[in-house]
Amino acid sequence: MIADQLRKHRKRLGLTREQLAEECARLGADQLTFAALTNIETGRRDRTGRRRREVTVDELEVLAHALAVPLLLLIFPVGELDKIPTIPLEPAVHPRMAWKTATGAEPPVRMHSDGRPYADRSTIGGPNGPSRLEAWRTVVRPIELFQQLSDETDLMIKAAGRLTHLERVKQGHSTEAQHLRKVREHHLTEMARLIETMMDSGIRPPSYDPQTAREIIETGLLTRPSALPSLPDSAEDA
């Protein structure tokens, strides 16, 4: 599946394997040579039946960057297949289910004999091991919080950008500008609430530019404001 996606996106950009190898080398992955890419794309196998060249996660990140494609699309080609392969002993699943599992929105699933999916509640490491479902739930929380925080940050930046434009054209006292200030303040408050939850859960929040960090702290919702990471003054806004 990865081989098909690499070939598809390479051809989408009109690149030869030699050119893609050059792109990878420029990104610091000179091990992804023409020969390596050929083995990956063709799935060539040795005498034992094993693929001559597997792809590491680090290399997938480089290839995704080189091909200007989201990493997950190299693994889960949604929009192309009716079923997405997952683990070897299970039948392929609906693309929506595969995508939600990959992004942490849904737990790993197994399939009933009638084709219906169900959450995998099997134990890990034997009958006395932890439940797979409960183990998944304990580690997925950072993804949920980061996604919520990312959404609130995007909305805050959007409101701030529009407000800056209005102030630039001398409409800083307009009704729209007053509304945008309230919207921006609301999203800053939500960001602070989520950051407090993250720090309380032992999850390191992302860094923000000094001004945004100060405004988050000024909401008064952080019990440990000094623990909020802040970018250097010269760095770009978060």
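This is a short tour of a predicted model, moving from a helix pair to a loop residue and then to several salt bridges.

**The pair H1 and H3**

Begin by selecting helix H1, residues 2–12, together with helix H3, residues 34–42, whose axes come within 7 Å and cross at roughly 120°. That crossing makes H1 oblique to H3, since angles of 65 to 115 degrees would count as roughly perpendicular and those over 145 as roughly antiparallel. To see where the two helices touch, show the side chains of Ala3, Leu6, Arg7 and Arg10 in H1, which meet Ile40, Glu41 and Thr42 in H3. Coloured by class, this contact has three nonpolar, one polar and three charged residues.

**Thr33, in the loop before H3**

Next, select Thr33, which lies in the loop between helix H2 (17–26) and H3. With a relative accessible area of 36%, Thr33 is partly exposed. Its side chain reaches the backbone nitrogen of Ala36 at 3.2 Å. Add Ala21 to the selection and draw a C-alpha to C-alpha distance: Thr33 and Ala21 are 5.1 Å apart in space, although twelve residues apart in sequence.

**Salt bridges**

How many salt bridges does a search of the whole structure find? The search finds 15, and three of the pairs are visited here, starting with Glu90 and Arg110, whose side chains meet at 2.6 Å, N to O. Glu90 sits in the loop between helix H5 (71–75) and helix H6 (95–102), while Arg110 belongs to strand S1 (residues 109–111), so the pair ties together parts that are 20 residues apart in sequence. Are these two partners buried or exposed? Glu90 is buried, at 14% relative accessible area, because buried means under 20%, whereas Arg110, at 24%, is partly exposed.

Move on to Arg116 and Asp114, whose side chains form a salt bridge of 2.7 Å, N to O. Arg116 is partly exposed, with a relative accessible area of 48%, and Asp114 is likewise partly exposed, with a value of 48%.

Then select Glu176 and Arg162, whose side chains meet in a salt bridge at 2.8 Å, N to O. This pair links distant parts of the chain, with Glu176 in helix H9 (residues 175–200) and Arg162 in helix H8 (residues 141–168), 14 residues apart. Glu176 is partly exposed at 35% relative accessible area, and Arg162, at 35% relative accessibility, also counts as partly exposed.

To finish, return to Glu90 and Arg110 and add Asp120 and Arg132 to the selection: salt bridges that share partners join these four residues into one network.

Notes:
Residues numbered from 1 in each chain as written. Predicted model: local features only at pLDDT ≥ 70, side-chain atom pairs only at ≥ 80, totals over all residues. Heavy atoms only, no water. Axes fitted to C-alpha atoms, helices over the stretch in contact; angles between N-to-C directions. Helix = DSSP H or I, 4+ residues; strand = E, 2+ residues; numbered from the N terminus. Parallel < 35°, antiparallel > 145°, perpendicular 65-115°, else oblique. Contact = heavy atoms within 4.5 Å. Nonpolar A, V, L, I, M, F, W, Y, C, P; charged D, E, K, R; others polar. Buried < 20%, exposed > 50% of the residue type's maximum accessible area, 1.4 Å probe, protein only. Polar contact = N/O pair within 3.5 Å; in protein donor to acceptor, adjacent residues only side chain to side chain.
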